[in-house]
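Work through the exercises below with the sequence and the model in view. Each task is followed by a solution in steps.

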Amino acid sequence: MQLKNISKSDIKFHYKQNSGFYFAFLVFVLIGLAVGIIIVCSGDGYIHALTSDSKVLYHFINGTANSSSIFWQKFIYFFIPLLLIFIMSLNFYVSLASFLVVAYQSSMLVISSAAIITLYGFSGVLNVLFLMMPINIIYISILISFAVFCLSRSKEALNCKNFAYGINSDWFWFKLGSCVFATLVLAFVATIILPLFLKNAIFIIY
């Protein structure tokens, strides 16, 4: 399919054709959230699971870290799961592990949020509500879309018994490129725009 021929009906058809995948990913998001809650409730060891980019970002908001590297650190943190899903999608059966990647991301959202709140108190609650939760909900949505695109192509490749099916399609690369670009923009908003707002907001208490 040529990129210039893509229409709204093609997009609607994609979501209709892959509704099962989307539903399954939502189930695994819920499973990841449940696992995260269980880990948080099982003890305080989850505090050590706080990702380094979350720590650096919090200290930047607090005025004790500079912004020179946090953008790329966040983008790499976002990009690695995308790359992993793409590599796994080269084989349909391996690509099913994408569900675990999404579940892991949702569980880490719970664990990281709980860790920040535990470590930083009320200001941690505010930063979770206004920074971590919105950004990560959007990111998980992008991740699911990316995974479905990859799974859909991989499934068609299996059915056609053609390993490279769809890889040379403009539509396929447009979808993947859009997800990567959205991740880049999200990383910029998460590390530059929102932190500057929170850093100067009068309601943030340290």
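## Exercise 1: The overall fold

The model is predicted. Read along the sequence, its chain follows the pattern α-α-α-α-α-α-α.

Task: Find how many helices and strands there are in the chain, and what share of the residues is buried.

Step 1. Count the elements: the chain has seven helices and zero strands.

Step 2. Apply the cut-off for burial, which is under 20% relative accessible area. Of the 206 residues in the chain, 44% are buried.

Step 3. Turn to the surface. The accessible surface of the chain comes to about 10900 Å², and carbon and sulfur atoms account for 72% of that area.

Step 4. Look at contacts between residues at least 6 apart in sequence: 78% of them join residues at least 24 apart.

## Exercise 2: The nonpolar core

Task: Determine which residues have the most contacts inside the largest nonpolar core, and which element gives the most to this core.

Step 1. The largest nonpolar core has 37 residues. Those with the most contacts inside this core are Phe25, Ile85, Val102, Ile144 and Phe146.

Step 2. Assign the core to elements. Two or more residues come from each of H2, H4, helix H6 (98-160) and H7.

Step 3. H6 gives the most, with 20 residues.

Step 4. Take one core residue and list its neighbours. Leaving aside residues up to four places away in sequence, Ile85 touches Ser98, Val101, Leu143, Phe146, Ala147 and Cys150.

Step 5. Set this beside a general tendency: in soluble globular proteins, nonpolar side chains tend to be buried together.

## Exercise 3: A buried tyrosine and a partly exposed one

Task: Decide whether Tyr139 is buried or exposed, then do likewise for Tyr104.

Step 1. Locate the two residues. Tyr139 lies in helix H6, and Tyr104 is also placed in helix H6.

Step 2. The relative accessible area of Tyr139 is 1%, so Tyr139 is buried.

Step 3. Name what surrounds Tyr139. Not counting residues up to four places away in sequence, Tyr139 touches Tyr77, Phe78, Pro81, Gln105, Thr183 and Leu186. The C-alpha atoms of Tyr139 and Thr183 are 7.0 Å apart, although 44 residues separate them along the chain.

Step 4. Tyr104 has 48% relative accessibility and therefore counts as partly exposed. The C-alpha atom of Tyr104 is 8.7 Å from that of Leu33, a residue 71 places away along the chain.

## Exercise 4: Two neighbours in helix H2

Task: Find where Ala34 and Val35 are placed, and how far apart their C-alpha atoms are from those of Ser106 and Met108, respectively.

Step 1. Val35 is in helix H2 (residues 19-41), and Ala34 is in helix H2 too.

Step 2. Ala34 has a relative accessible area of 36%, so this residue is partly exposed. Val35, at 38%, is partly exposed as well.

Step 3. The C-alpha atoms of Ala34 and Ser106 are separated by 9.0 Å, with the two residues 72 apart along the chain. For Val35 and Met108, 73 residues apart, the C-alpha separation is 9.3 Å.

## Exercise 5: A nonpolar patch on the surface

Task: Identify which residues form the nonpolar patch on the surface, and which elements give two or more residues to the patch.

Step 1. The patch is formed by Trp72, Ile76, Ile80, Phe181, Leu184 and Val185. Together they have about 590 Å² of accessible area.

Step 2. Helix H4 (70-88) and helix H7 (170-200) are the elements that give two or more residues to the patch.

Step 3. Examine one member. Val185 is found in helix H7, and its relative accessible area of 37% makes it partly exposed.

## Exercise 6: Cysteines

Task: Determine how many disulfides a search of the whole structure finds, and whether Cys179 is buried or exposed.

Step 1. Recall that a disulfide is a covalent bond between the sulfur atoms of two cysteines.

Step 2. The search of the whole structure finds zero disulfides.

Step 3. Check Cys179 against the cut-off. The nearest cysteine sulfur, that of Cys150, is 8.1 Å away, whereas a disulfide needs the two sulfur atoms within 2.5 Å.

Step 4. Cys179 has 6% relative accessibility, so Cys179 counts as buried. Cys41, at 64%, counts as exposed.

Note on methods: Residues are numbered from 1 along each chain as its sequence is written. This is a predicted model: local features need pLDDT of at least 70, side-chain atom pairs count only at pLDDT 80 or more; totals for chains, interfaces and linings use all residues. Side-chain values use heavy atoms; hydrogens and water are left out. Buried means under 20% relative accessible area, exposed over 50%, partly exposed in between (1.4 Å probe, protein chains only). Helices (H or I, at least four residues) and strands (E, at least two) are DSSP runs, numbered from the N terminus. Patches are made of residues with over 30% relative accessible area and no salt bridge: like charges are joined within 9 Å, nonpolar side chains (Val, Leu, Ile, Met, Phe, Trp, Tyr) within 5 Å. Accessible areas come from the Shrake-Rupley method with a 1.4 Å probe; for residues, only the protein chains shown count as cover. A salt bridge is a side-chain nitrogen of Lys or Arg within 4 Å of a carboxyl oxygen of Asp or Glu. A nonpolar core is a set of buried Ala, Val, Leu, Ile, Met, Phe, Trp, Tyr and Cys residues joined through side-chain atoms within 4.5 Å. Contact means heavy atoms within 4.5 Å.
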